[in-house]
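Me: Could you walk me through this model with a few questions and answers? I would like to begin with confidence and then look at how the chains meet.

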Amino acid sequence: MINVEAVYWLIGILFIAWAVLIVRDANHPRRWGSSAFWGLLGLCFFYGTWVQAGTAPGWILGIAVLVLVALAATRQLADGRAKTSTGEQREAFAARFGNKLFIPALTLPVVTVLLVLLAPVLTIGKTPILDPKNTTLVALAIGAIVAAVVALVILRPKHPLTPVFESRRILESIGWAALLPQMLSTLGILFTKAGVGTAVSTLVTGVMPKGSLLAAVIVYCVGLFVFTVLMGNGFAAFPIMTAAIGWPVLVQQFHGNPAIVFAIGMLAGFCGTLCTPMAANFNLVPSALLEMKNKYGVITAQLGTAFPLLVVNTALMYFLAF
Amino acid sequence: MLVLIGVLLVIVGFAIRLNPLVVVTVAGIVTALLGGLNPLQILEAFGSGFASSRSVTIFVAVLPVVGIIEYFGLQEQAKTLIGKLAKLTAGRVLLGYLAVRQITAAVGLNSIGGHAQTVRPLVFPMAEGAALRRYGHVPEHIKERIKGHSAAADNVGVFFGEDVFVAVGSILLITTFVDTTYHLHLEPLQLALWAIPTAIAAFLIHGFRLLRLDKQLDREYAELEKAEPATAGEAK
């Protein structure tokens, strides 16, 4: 079986390969610091396997993670601006290869989706080939490898490691933001452990006028929204707000249809995801990936959809569920 | 209530634009201390948090293929291709992507796109190519707007498409939580059906904003042209 840990090892190998490329680049402005950051991050992906399995102490990984943050905070990390093809070369390549360039780009989603769909029948004996708990992750990683091979075959670069060289350029333009989603997810776990959820729901229920259905619907939807903005995802917000208002007030007291209340409630939370830098993988990593000047540019583009949609969700719940 | 200091730290830190990595780490340590964890437990929490959240860094695996096709001019080719289609504007390209992303996510295919695999190599260059064809040049601040909207189309499409599919994480989270906590028996299909009205509303609202983006760009370019002869006049 191809386990999800194999995918994490692939990512670890990539990080270490990029660290080696950086340390060999004499023109890099922060050669040692950058290389140390990406190399250590790669090692963490391997070591994480045993932490996840409970066979290695987690605090060692904790120290490594804090070292990564310290490296980034003290500006040891810089973009080496690795050499790539010039604008004119790219125009020439595009003219030469034309629409063939789209083949690898489309191979990635096609292979991924096919593997996800076929996963239930891809078995050896009774053992599934792809990790059934993480089918999408494994399928995406295989899709990425197949697409890179297809690109090498069609485009025939001078050096077979061109995909690794070129991805180093993209990674360095993302920089430390690549680590942010994992740090935020850790923060979410710490928030939950420390009881931030219960504190917020006490606050929210405190401001709610009793006996008004409309007020209760608004507090539930807006509460899910605000909570999601603070925690970075609706999954953390949902259980807490539902225990505070959704179930006791909306379903038990006002006899709302639970399927409608909960389905729309979750979507009100998703409106919050559109507005928060805490959802780094959706909002901050893309702005780094697109090399935007304003880190919050993606959020700015989403605010105009998130707020009207929150109002729509609140109205839908009020009119459909009761 | 003291634990909310951590949340406050995050808000203030992001607002005054400190390095988010530092903000998040400090807020995490402070929250953990207030919650009564000792230093070893805090390190444990950072370690196990990192190990269990490695899946969000999966986008790294697609960078090699994106890197090589960019080297060979994929973005340029995407621009050229869109440039041939006269009716396409930046807003309409993104509207098309929003529709495809939402519909595919609604049938469970949300791994078909993403910021690393489609937005950077394909969607943004196509939207930029459409603007280039229409206006002849794309100044930096408008490029920035188109980038923001390209990523936004992907997010809105996935968020409000995937919940229409029964076997998605958020639906399963609702059913497991509600069924075990309140002893209900909710069918995932019921929840998915009631996600459809919001999905339609999201498409209408965001689609309308994308079409309006075209009008805004028309106006901004008109103003740019007005401004430019004026400065040229001053130079004399």
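Me: Which helix of chain A has the lowest confidence?
Reply: Happy to help: this is a predicted model, where local features need pLDDT of at least 70, side-chain atom pairs count only at pLDDT 80 or more, and totals for chains, interfaces and linings use all residues. Residues are numbered from 1 along each chain as its sequence is written, with chains lettered from A and ligands numbered from 1 in the order in which they are written. On pLDDT (the predictor's confidence in each residue, from 0 to 100), chain A has a mean of 92. Confidence in chain A peaks in helix α15 (residues 297-320) at 97, and is lowest, at a mean of 78, in helix α9 (residues 196-206).

Me: Which helix gives the most to the side of chain A that touches chain B?
Reply: Contact here means C-beta atoms, placed from the backbone, within 7 Å. By that rule, 116 residues of chain A meet 96 residues of chain B. Helices are DSSP runs (H or I, at least four residues), numbered from the N terminus. With 13 residues, the top contributor is helix α8 (residues 180-194) of chain A.

Me: How far apart do the C-alpha centres of the two domains of chain B lie?
Reply: The bounds come from an automatic or database domain assignment. That assignment gives chain B domain 1 (4-52) and domain 2 (62-235). Their C-alpha centres are separated by 32 Å.

Conventions:
Contact = placed C-beta atoms within 7 Å. Helix = DSSP H or I, 4+ residues; strand = E, 2+ residues; numbered from the N terminus.
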